[in-house]
Amino acid sequence: MRPLRATLLLCAAAAALPACGGHKDEQPALVATPPPATSSSSDAPSVPVGATPPFSLVWNVGFTENVPMSAMEAQLPKFIQMSQDLWTITEGQVWISRIRFSDNVAPGAEASSSETLRVPNLDVVIYPAGKWNVAPVTGETLFFSPSGTLGRTNRRIDVPDNAQRLTLIHEASHFAWQLSWSGNNLPPGLDDEYVYSPDDPACIMDLMFLPLRWCSGGALPSANHVTKNGGQGAQSCWEQIKLDYPNFSYSGINTSSSATPAMAVEYSDTP
Amino acid sequence: MRSRLKTLGWILAAVAPLALVWGLSHPRRHPLQASRPSAATRSAPKREAPAPESARSEAATLSGELIDAEQRPVAGALVTLVDPEGRGDVLLAGRAKEFRDRDEKTDERGRFRFAALRPGTRLLIARPEGRPPVWTEPFFVEGKQHRVLTLPAPLSLTGLTHPRAKLSFTCRVPGLPHAGHRPVVVVATADDAGGYRVDGLLPPATPFAVFVEAPGYRTRSFGPYQFPAGRHIVDFDLDTGLSLRGTVRDGAGRPVQGALLAYDDARAVSEADGSFLLSGLEERSTTLIVAREGHIQTVLNAVRPGSIDVTLFRAAEVTGKVSGGRGRYLCFTVGDARYRLGLGDSDDFRIPAVPPGPLRLEVEDEEHRLLGSAIIHAPEGGVVEGVEILLR
C-alpha cells in the first residue's frame, strides 16, 4: 500500500509541476473538442470547428455609404481574387461561394470609430478611401465579444474601397479560422506573425511576399517556422489550423490543381 | 508517525529529480539582469533594466541626434518614435486602439526630441531623404534619455531588370510590427532599358527582399539578400509566364474598345479592334472578369491561359412602375449574379443596366419574398419603357 500511496502522491506532485522545458507564461494551445462534422456548405462566414473540407464561406459585405451599383460591381473582382487566393493557400480546401453586397449600412462612418459600428448582418465593411482615417493600417480585422454585437459573428473585416489584393487576403486569413489558441491575448483567428520571433517574412501574416502561403512548422511539410516560444502561446499558422481542424490537411505545395469553384454574388442597392 | 515519515521520504525521493530537471530547464535570472536575446527571441521587444516604480510612472523625455559616418549632423530627417504596442490591424480587447507612433524632424544640428512620453518599450527609426534609414533595437523609455543614431556607410545596388520594372526593397526592422507602422521600404523604377540604381539603400548587413513587378511579366520576390557596405550588382529576371489573348465583342459582334479585363493580378484594356493581351500568367484556371461602363459585367469561371473570345453585352435601360402594392426590391438574375435594386418610396422605377434578351423582373419584400414579376425582352443597348409589374 505504501508504494501505491507514494506513487499516487507522486503523480499529484508531478501534475502540479510545470511541464519540463516549458515557460512560466507560455500557455499550451488548446485542442477543441471536435463537434459533429459540419456540412461543406453553410451560411458560415468562417470555417466552423469540426468542418470537413472543402468548405465554402458566405460573406455579407456592406458599403458604409449609398453607392451606385457600379461601385459594388467594381469590388467583385477583388473578392473573386480573394476567394481564389484562399483556395490556393488552403490547397483547395476553403473558398467563398457567395458574396452579398449591400450599401448605405452606416453613412458617414469613419474607420477610426469602427469598434462602435453596429452592423449585425455584416462580415465585411467597406469605407470610402476618404473615410479611412486609420492609415498606415490598410485593413483591419475586429474580434469582439459577445458574438454578433458588432457584426454577424464574433469578427468583422473593415477595409477601404481601394484595398489591395494582399490586404484583403491578409485580413481574410485573420478572419477565416476559429482558432482555440490562447496566450498573450491572441485573437481567435490567425494572428499577425511579424511581432514575434522567429521571423517568416514570406508568410501572408508577415510581410506578404509571393508566392502566397501561410507559415508551417513542427512536423508539417515545408516547415519554415518553429513554434513560438516568446510567451505568446502561438505557433505557426498551419500548426494551429491543423490542431483545431483535424479534417484539414497541409501538403506544403501551397496551391491547388483544381480551379476555384464559382462564386455567386448578390447586390442589394439602396435607391 | 514513523510510517508517515517514511511515506514523506518516498515522495521527496521521487520529486527531487523532477524538481532538479525543472530547475535546470528554467534558468533563474535576476529581475534587473538584462536578458541576452536568443535566436528565438531576438525580435521580441526587450526591456532594459527597469527603474523604480516611481520613476517609471513619470512622463519620460527622449532626445537624440542623427549623425552620419563622419560625425556630421543630418538635418531635416524624419525620425519616428515607434511604440510597437500601438494600434495594428487586429482589434481585440486588451490591444491598443490608439496609434502611438510620433514623428519629429531633425533640426539643423541633427537633433530631435520627444517629450511627455509614457514609459514603455519603443524603437527609433530615422529616414533621411536619399540616404539609408537607421534604427535602434527596442528599448525601454523612462526618465530622460539621449540616443545618438549614426547613419550607416552607404550600400548601393545597381543592375538590370525589365524596362519600367518597379522594385521594392523591403526589410524587417526587429521589433517593428508591419501593420500600423510605416514600413521601411525603398522603391526604385527601372529605366526604359531595364537598368536600375539605388543609392543609400538599407543599412549594410540588413537582410532584405526585393519585390519586382513589370508589365507583361510574372511578379516575383527575390531574396533575402544581405550585403556589406559598398556598391553591388544584382540583376532581376522575371518570367514572361503564359498569356491569354482574345477579343471583346458586344452581342452584335462589334468590337468593344476600352473594356477592362482582370485575370489574377494581370490587367488589360481592349484595343479599338477589341483585342487584348494578358501576360505574365501562371498555368492554372482562374476567373476572367470583363467590364466596361454601359455594359453588363461578365464573369467567366475556370479560364486557362491561351485564347478566348468574350461577349460583353451593351446594357439596356428599363423603366416602368409597380402597382397593386409596395415592394422593397426590384430584382433580376444574370448568370451567378442576383441584382436587387431598392424601390424607395416611388412606384416608378428605372433600371439603368440590364442584359439584352428575355429577362424576368421580380419584386421582393424586405425578406426577399416574391410579390410579383414580369418578363421583358430588352434590345441590346436599347430601352424598354412602360413595364408594369402588378403585385399579388
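1. In this predicted model, Phe143(A) stands opposite Arg155(A), a residue of strand 5 of chain A. The pairing to which these two residues belong is that of strand 4 (residues 140-143) with strand 5 (residues 155-160) of chain A, two strands that run antiparallel and are joined by 4 bridges. Helix 3 (residues 165-176) of chain A packs on the sheet, where it touches strand 2, strand 4 and strand 5 of chain A together with strand 3 of chain B, and its direction makes about 170 degrees with that of strand 5 of chain A.

2. The sheet deserves to be traced across both chains, since strands from chain A and chain B take part in the order 3(B)-4(A)-5(A)-3(A)-1(A)-2(A)-6(A)-26(B)-25(B)-28(B)-29(B). This is an open sheet of 11 strands with mixed pairing, and its edge strands, strand 3 (90-91) and strand 29 (370-378), belong to chain B, each pairing on one side only.

3. Two further helices of chain A are worth following in the structure. Helix 2 (residues 69-89) lies across strand 1 (55-63), strand 2 (94-102), strand 3 (124-127) and strand 6 (264-269) of chain A, and runs at about 165 degrees to strand 2. Helix 4 (residues 237-244) of chain A is mostly covered, with 6 of its 8 residues buried, namely Cys237(A), Trp238(A), Glu239(A), Gln240(A), Ile241(A) and Asp244(A).

4. A caution is needed about confidence in chain A, for which the average pLDDT is 80 and 76% of the residues score at least 70. Over residues 1-39 of chain A the pLDDT is below 50, although this stretch has 57 contacts in the model beyond near neighbours in sequence. Where pLDDT is low, the predicted coordinates should not be read in detail.

5. Turning to chain B, a reader will find 2 helices and 30 strands, and buried residues make up 33% of its 392 residues. Among the contacts in chain B between residues at least 6 apart in sequence, 60% join residues at least 24 apart.

6. The domain assignment divides chain B into domain 1 (46-150), domain 2 (155-233), domain 3 (242-311) and domain 4 (316-390). The centres of domain 2 and domain 3 of chain B, taken over C-alpha atoms, are separated by 32 Å, and the contact between these domains takes 4 residues from domain 2 and 4 residues from domain 3. On the side of domain 2 of chain B that touches domain 3, the residues divide into 1 nonpolar, 2 polar and 1 charged.

7. Chain B also holds an open sheet of 3 strands, in the order 13-10-16 and with mixed pairing. Strand 13 (195-198) and strand 16 (230-233) stand at the edges with a single partner strand each, so one side of each is left without a neighbour in the sheet. Neighbouring strands of this sheet are turned by 10 degrees against each other on average, direction ignored. Strand 10 (residues 155-160) and strand 16 of chain B run parallel and are joined by 4 bridges, with Ser156(B) standing opposite Arg231(B) in strand 16.

8. A last feature to inspect is the hairpin of strand 21 and strand 22 of chain B, which has 6 residues between the strands and in which Gly294(B) takes a positive phi near 85 degrees. Strand 21 (residues 286-291) and strand 22 (residues 298-303) of chain B run antiparallel and are joined by 4 bridges, and Val290(B) stands opposite Thr298(B) in strand 22.

Note on methods
Residues are numbered from 1 along each chain as its sequence is written. Chains are lettered from A and ligands numbered from 1 in the order in which they are written. This is a predicted model: local features need pLDDT of at least 70, side-chain atom pairs count only at pLDDT 80 or more; totals for chains, interfaces and linings use all residues. Two strands pair if DSSP finds at least two bridges between them. Axes are lines fitted to C-alpha atoms, for helices over the stretch in contact, and angles run from 0 to 180 degrees between N-to-C directions. Domain bounds come from an automatic or database domain assignment. Two residues are in contact if their C-beta atoms, placed from the backbone, lie within 7 Å. Ala, Val, Leu, Ile, Met, Phe, Trp, Tyr, Cys and Pro count as nonpolar, Asp, Glu, Lys and Arg as charged, and the others, Gly among them, as polar. A residue is buried if 20 or more other C-beta atoms lie within 10 Å of its own, exposed if 12 or fewer, and partly exposed in between; C-beta atoms are placed from the backbone. pLDDT is the predictor's confidence in each residue, from 0 to 100.
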